[in-house]
Every structure is written in structure tokens, then in C-alpha cells.
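Please open the structure in a viewer and keep the sequence at hand. This tour proposes a series of selections and describes what is found at each.

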Amino acid sequence: MQPGPPSEPVRMQGDLGRRAALRRQQLGLSRAEVAARAGASPEYLQYLEENTAEPGIGFLLRLAGALDTTVAELVGGTVELPSGYGKAAAHPEVLVLGADECRELLSTHGVGRVAVTVEGPPGIFPVNYTVAEECIAYRTTPDAGPAAAAGHEVALEVDHIDDAFSQGWSVLVVGYARAVTDPSEARRLDERAHSGPWVGDGRDQWIAIHPARITGRRIRALATGAPPTATS
């Protein structure tokens with residue numbers, strides 16, 4: 001059945017429609033399939049995904065169940081929490097990732113953390129990175145912590161955590177970092193970058209990491225009683 005006017009409106013803390021559509025796509029489900037699970041019409045689900053809506057808590061509970069997630073995740077109530085707040089799965093499996101799968105997960109851009117130790121205590125800095133040919137590069141300012149990576153071996157970690165399913169993956173890149181000084185190379189990196197640094201403009205110094213080693217692991221939740229296939 002299609003829900004009527006919400007009797008118990010819930011104040012949205014995020015973009016409900018966008019989150020619901022993204023979760024549906026992650027699960028590979030059509031609108032019709034999710035609507036059937038949630039007891040709604042496909043038209044209503046389309047409206048919810050494409051417009052600002054405040055459905056009642058009853059429908060939110062059904063929608064969260066249909067999408068194998070929680071109401072808090074759907075309404076953005078967890079956006080200020082660190083990744084991994086969910087409980088561990090009852091039957092986790094740890095898979096060692098090959099180099100090709102690691103590179104695929106790194107994709108062409110994202111946010112990672114670079115670990116730097118230069119004449120002092122170690123530091124870990126979040127950076128917007130991009131993959132270009134044989135290097136992974138990020139922008140910073142010459143006097144910022146991430147710039148200290150230049151001329152040293154450093155580590156860059158990229159990961160993804162799915163709190164709803166208590167699973168995720170992590171890729172670690174170790175290699176030599178250098179400051180990009182060639183203007184033509186810097187322009188090519190500018191053109192390939194998906195986004196500017198999230199912290200703002202004025203960060204025009206590219207640091208390129210040439211991977212010497214790429215490793216990764218994936219944690220996934222097994223169905224009850226299912227034997228693990230490969231662990232480490």
C-alpha cells in the first residue's frame with residue numbers, strides 16, 4: 001500500500017531521497033523491487049528519491065528494512081559519526097586483495113590519508129587524491145604537513161566502510177613521493193582532478209607518489225553458517 005500523509009513526521013538531517021537512491025543502487029535493486037518490499041508504490045518511491053519529503057516513521061522503518069540499512073543512515077543521522085560505529089558482523093571474512101583489485105578500488109579520485117614522518121612525530125593528513133598514469137597525486141601548500149612527504153617514502157591509505165553491513169575494504173599504497181615542479185605535468189594533473197581540495201583554494205602544489213607496493217584487504221559479512229573462502 002502507498003503511505004498516506006505522514007502522521008509522525010521526522011525532521012530530516014540529510015538528503016533522504018539521495019541516500020535512499022544511492023543505497024538502492026548499491027544493492028542493485030529497482031524502484032519496483034524496493035517499493036514492493038516497503039509496501040509502497042514505485043511512483044511514491046520515485047517522488048521520495050527526487051523531491052524533499054518527510055514521511056512518517058512507520059514508512060521510514062519499512063524503507064530501511066527494504067534497503068537493509070537503518071533509519072539513522074537514511075536520514076543522515078550518522079554523518080557526524082566516525083566510520084565503523086556499527087557492531088562487528090557475526091561471521092566476518094577477511095580477504096586479501098590482489099594488486100589489480102586494489103588499483104580498481106583506488107579508481108581515479110577520492111579522499112585518502114597520507115602518513116608522513118619527517119624530523120619529528122608522525123602525522124596523518126586527509127587529502128583529495130587522483131590517480132594519473134603510474135602515480136597517485138594530491139594538492140597541498142608548500143608549508144603544509146602533506147607537503148613534507150616530498151623526497152621521502154610515504155604511505156597513503158584509502159578505505160570504505162559500510163556500517164549497515166559491517167563490512168568494507170582498505171588499500172595501502174607505499175612509495176616514494178616527490179613535488180611536481182614541471183608546469184605541464186601540473187596542468188595535466190589539474191585537468192584530471194575530479195575535485196579541488198575540500199579545505200579550499202590556494203593549494204596548488206602537487207605531490208606525486210610512485211607506488212612501490214600496493215596491498216589491500218576486504219572484510220565482508222558471511223551468511224550464518226557459510227564457510228569462509230580465504231582469510232589472512
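The tour proceeds from the whole chain to its cores, then to one helix residue and several salt bridges.

**The whole chain.** Begin with the complete model, which is predicted. Colour it by secondary structure: the protein has seven helices and seven strands. Followed along the sequence, these elements appear in the order α-α-α-α-α-β-α-β-β-β-β-β-α-β. Now display the surface, of which the protein exposes about 13,300 Å², with 52% supplied by carbon and sulfur atoms. Of the 232 residues in the protein, 37% are buried.

**The largest nonpolar core.** Next, select Leu106, Leu156 and Val173. Within the largest nonpolar core, which has 21 residues, these three touch the most other members. Extend the selection to the elements that give two or more residues to this core: helix H6 (99-106) and strands S2 (109-116), S3 (123-132), S4 (135-140), S5 (153-162), S6 (167-179) and S7 (205-221). Strand S6 supplies the largest share, four residues. Then centre the view on Leu106; setting aside residues up to four places away in sequence, Leu106 touches Tyr129, Val131, Ile136, Val158, Val171 and Val173.

**The second core.** Select Leu16, Ala20, Val34 and Ala66, which are among the 19 residues of a second, separate core. In soluble globular proteins, nonpolar side chains tend to be buried together.

**A glutamate in helix H7.** Move to Glu185, placed in helix H7 (residues 183-192). Is Glu185 buried or exposed? Glu185 is buried, because its relative accessible area is 16%, and buried means under 20%. Apart from neighbours within four places in sequence, Glu185 is in contact with Arg178 and Val180.

**The salt bridges.** Finally, show the charged side chains, among which 10 salt bridges are counted.

- Select Asp159 and Arg113, whose side chains form a salt bridge at 2.4 Å, N to O. This pair links distant parts of the chain, Asp159 lying in strand S5 and Arg113 in strand S2, 46 residues apart. Asp159 is partly exposed, at 31% relative accessible area, and Arg113 is partly exposed, at 30%.
- Select Glu50 and Arg31, which meet in a salt bridge at 3.3 Å, N to O. Glu50 belongs to helix H3 (residues 42-50) and Arg31 to helix H2 (residues 31-38), 19 residues apart. Add Arg24 and Glu49 to see a network of salt bridges that links Arg24, Arg31, Glu49 and Glu50.
- Select Arg18 and Asp15, where the salt bridge spans 3.6 Å, N to O. Arg18 is partly exposed, at 44% relative accessible area; Asp15 is also partly exposed, at 37%.

Notes. Residues numbered from 1 in each chain as written. Predicted model: local features only at pLDDT ≥ 70, side-chain atom pairs only at ≥ 80, totals over all residues. Heavy atoms only, no water. Core = buried A, V, L, I, M, F, W, Y, C linked by side-chain atoms within 4.5 Å. Buried < 20%, exposed > 50% of the residue type's maximum accessible area, 1.4 Å probe, protein only. Contact = heavy atoms within 4.5 Å. Areas by Shrake-Rupley, 256 points an atom, 1.4 Å probe, with all protein chains shown as cover. Salt bridge = Lys/Arg side-chain N within 4 Å of Asp/Glu carboxyl O.
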